[in-house]
Amino acid sequence: MNIKQAKQEVMDTVKAYLMKDEYGEYVIPGVHQRPVLLLGAPGIGKTQIMEQAARECGVALVAYTITHHTRQSAIGLPFISKHTFDGKEQAVTEYTMSEIVASIYEKIEKTGLKEGILFIDEINCVSETLAPAMLQFLQCKTFGNHKIPDGWLIVAAGNPPEYNKSVREFDVVTMDRIRKIEVEADFQVWKEYAYANGLHPAVISYLNTKKQNFYQMETTIDGRCFATPRGWEDLSTMIGIYEKIDKTIDREVVAQYIQHPKIAKDFANYLELFYKYRTDYQIEEIFKGNPDEILMKKVSHASFDERLAVLGLLISKVNERIRFAVEKEEEMELLQGTLIRYKESGQAEVSKDASELLEEVTAGLLFEEKQKKEAELLSRRQEQNYRRAGTLLETYLQRLRLEGSMDFETAFAKIKEWFEEENQKYLQMGQTAEQYLEYAFDFLEGTGLTGQEMVIFITELNSNARSVAFLQECESERYFRYNKELLFSEKREKILEKLN
């Protein structure tokens, strides 16, 4: 199962376990809610999908790496209490509340979310003294004397034995009480994520041509050599930061993230060529509609790898502009929803000052953002949308105050004008994205790269969920034509495969 399927499985499990009957009781009682165990190689995104699953399901998340804990912090500290049994007072050992269980209650108090996921990472790598407590946890959903609260499901993760010498095999009794999901690295799934989150085009285009280097784990005489999705993502972030401070990532820095000497060297060489092609082929001029005819002839006779690198640069520019337009659309929808609430408030509370009402709805939006952020229900992009919308509303408020006292209808009419100004910026960003797409088609057609390269170009655009949603609404005749040809070609190949 790939990581995307595993995420969906976890989300389906959350919905199933939290389903209630007409009496408000969980349809599947807590005792029968099997913990989910994700088993997969390190660095493929098991922890990250938990954050996404919790956020999309609207539930809380408490995450622990259990190897960082001792037996005492996991199950609590022992103390002696007095109990009377059969008329005699007896000293009984009890335990203080587990740090892990306590953190669940703290999360409930902080976020107001009474249902959630308790995620325990590296569960099969615990110390010998903690191993029995982990078995009890999976079987009975307790740490020491303290039970996991109702409404909280358990998801655990671990690495298979070949990746970690300290892995402990669970016995059959334990395995018969859990849901085991084996997760594998999948480049196509990761690529969707990479495009959606704006990872560096050099990383994406390199892995498009060297898919075998996406995930590697080898044992050599010098120890383990590896390249992981986590490593590629972190390296991508650092490349972007280095570009902002006008520095270039060298082989030594690449090797700090991609700890596989051969792959690190190969990518460092590719990155150097990537920057060279970006300069040599004057990519910025292509997207101004001024491609150099000499360079167009050059790329048409270049090696396939060089053409792929140039193609990667084109794709990244188009996707970047589409991403800007889509993010602006999300921001505008949030702003529009807030202004609708402002209008409703003005109609309901006619005696209030227009500026005062706008201040209230702005404060409401910021409070909503704060609550969702504390509950960890916002992605980074959603946080930025709230901030940008909040900044615009505060700007409108300042402009209203400068205008002086006025009735609500006049004030709202002015705000509508300001909103329309911002909406024009959004429309312009959409038009720019469409224009970038047309410039890319111009270049590909002008260089004669309408065969395999065009197939790759269309396929990569369709690998990005944001791009697909945007392109379905745009009016690019060439995109729909080439996409139709690609779909027809794929169907034809499938038919031929069946016939053969």
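**Notebook: helix α7 and other places looked up**

I began with helix α7 and listed its buried residues, which are Phe-187, Val-189, Trp-190, Lys-191, Tyr-193, Ala-194 and Tyr-195. The model I am reading is a predicted one. Seven of the ten residues of α7, which runs over residues 187-196, are buried, so I note this helix as largely enclosed by the rest of the structure. I then looked up what these buried residues pack against, and found α1 (3-17), α2 (46-57), α8 (201-209), α9, α14 and α18 (452-462).

**The chain as a whole**

I stepped back to the protein chain, for which I count 20 helices and eleven strands. Its C-alpha trace spans about 100 × 80 × 50 Å along the principal axes. Of the 500 residues in the chain, 45% are buried, and the chain exposes about 26700 Å², of which carbon and sulfur atoms supply 50%. When I took the contacts between residues at least 6 apart in sequence, 72% of them turned out to join residues at least 24 apart. I also looked up the charges: there are 63 positive and 81 negative ones, and their mean positions are 3 Å apart.

**α14 against α19**

Since α14 had come up among the partners of the buried residues of α7, I went on to its meeting with α19. The axes of α14 (residues 304-348) and α19 (residues 465-473) come within 9 Å and cross at roughly 75°. With 65 to 115 degrees as the range for roughly perpendicular, the two helices α14 and α19 are therefore roughly perpendicular to each other. On the α14 side I noted Asn-319, Ile-322, Arg-323, Ala-325, Val-326 and Glu-327, which meet Arg-466, Ser-467 and Phe-470 on the α19 side. An α-helix has 3.6 residues a turn, so residues three or four places apart point the same way.

**Two positive phi values**

I next turned to residues that have a positive phi without being glycine. Glu-122 has a phi near 55°, and I found this residue in the loop between β5 (116-121) and α5 (131-140). Its relative accessibility is 27%, so Glu-122 counts as partly exposed. Asp-246, with a positive phi of about 60°, sits in the loop between α9 (229-244) and α10 (251-257). At 70% relative accessibility, I entered Asp-246 as exposed.

**Leu-378, between α15 and α16**

Is Leu-378 buried or exposed? I looked it up in the loop between α15 (354-374) and α16 (380-403), and at 9% relative accessibility Leu-378 counts as buried, because the cut-off is under 20%. Leaving aside neighbours within four places in sequence, I listed its contacts as Arg-55, Glu-369, Lys-372, Lys-373, Glu-383 and Tyr-386. I also took the separation of Leu-378 from Tyr-206, a residue 172 places away in sequence, and found 31 Å from C-alpha to C-alpha.

**Val-361, within α15**

Staying with α15, I looked up Val-361, which is found in that helix and counts as buried at 11% relative accessibility. Which residues does Val-361 contact, leaving aside its neighbours within four places in sequence? I found Thr-338, Arg-341, Tyr-342 and Ser-345. The C-alpha atoms of Val-361 and Ile-340 are separated by 9.9 Å, the two residues being 21 apart along the chain.

**Gln-282, between α11 and α12**

Gln-282 lies in the loop between α11 (261-280) and α12 (283-286), and with a relative accessible area of 36% I entered Gln-282 as partly exposed. Not counting residues up to four places away in sequence, Gln-282 touches Tyr-277, Asp-292 and Leu-295. For the pair Gln-282 and Leu-295, which are 13 residues apart along the chain, I read a C-alpha separation of 8.5 Å.

**Lys-107, within α4**

My last entry is a lysine, Lys-107, which lies in helix α4 (residues 99-111) and, at 14% relative accessibility, counts as buried. What does Lys-107 contact, leaving aside its neighbours within four places in sequence? I listed Ala-60, Leu-61, Val-62, Gly-112, Trp-152 and Glu-376. Val-62 is 45 residues from Lys-107 along the chain, and their C-alpha atoms are separated by 7.4 Å.

Technical notes. Residues are numbered from 1 along each chain as its sequence is written. This is a predicted model: local features need pLDDT of at least 70, side-chain atom pairs count only at pLDDT 80 or more; totals for chains, interfaces and linings use all residues. Side-chain values use heavy atoms; hydrogens and water are left out. Helices (H or I, at least four residues) and strands (E, at least two) are DSSP runs, numbered from the N terminus. Buried means under 20% relative accessible area, exposed over 50%, partly exposed in between (1.4 Å probe, protein chains only). Contact means heavy atoms within 4.5 Å. Accessible areas come from the Shrake-Rupley method with a 1.4 Å probe; for residues, only the protein chains shown count as cover. Lys and Arg count as positive and Asp and Glu as negative; His and the chain ends are not counted. The place of a charge is taken as NZ of Lys, CZ of Arg, CG of Asp or CD of Glu. Axes are lines fitted to C-alpha atoms, for helices over the stretch in contact, and angles run from 0 to 180 degrees between N-to-C directions. Angles under 35 degrees count as roughly parallel, over 145 as roughly antiparallel, 65 to 115 as roughly perpendicular and the rest as oblique.
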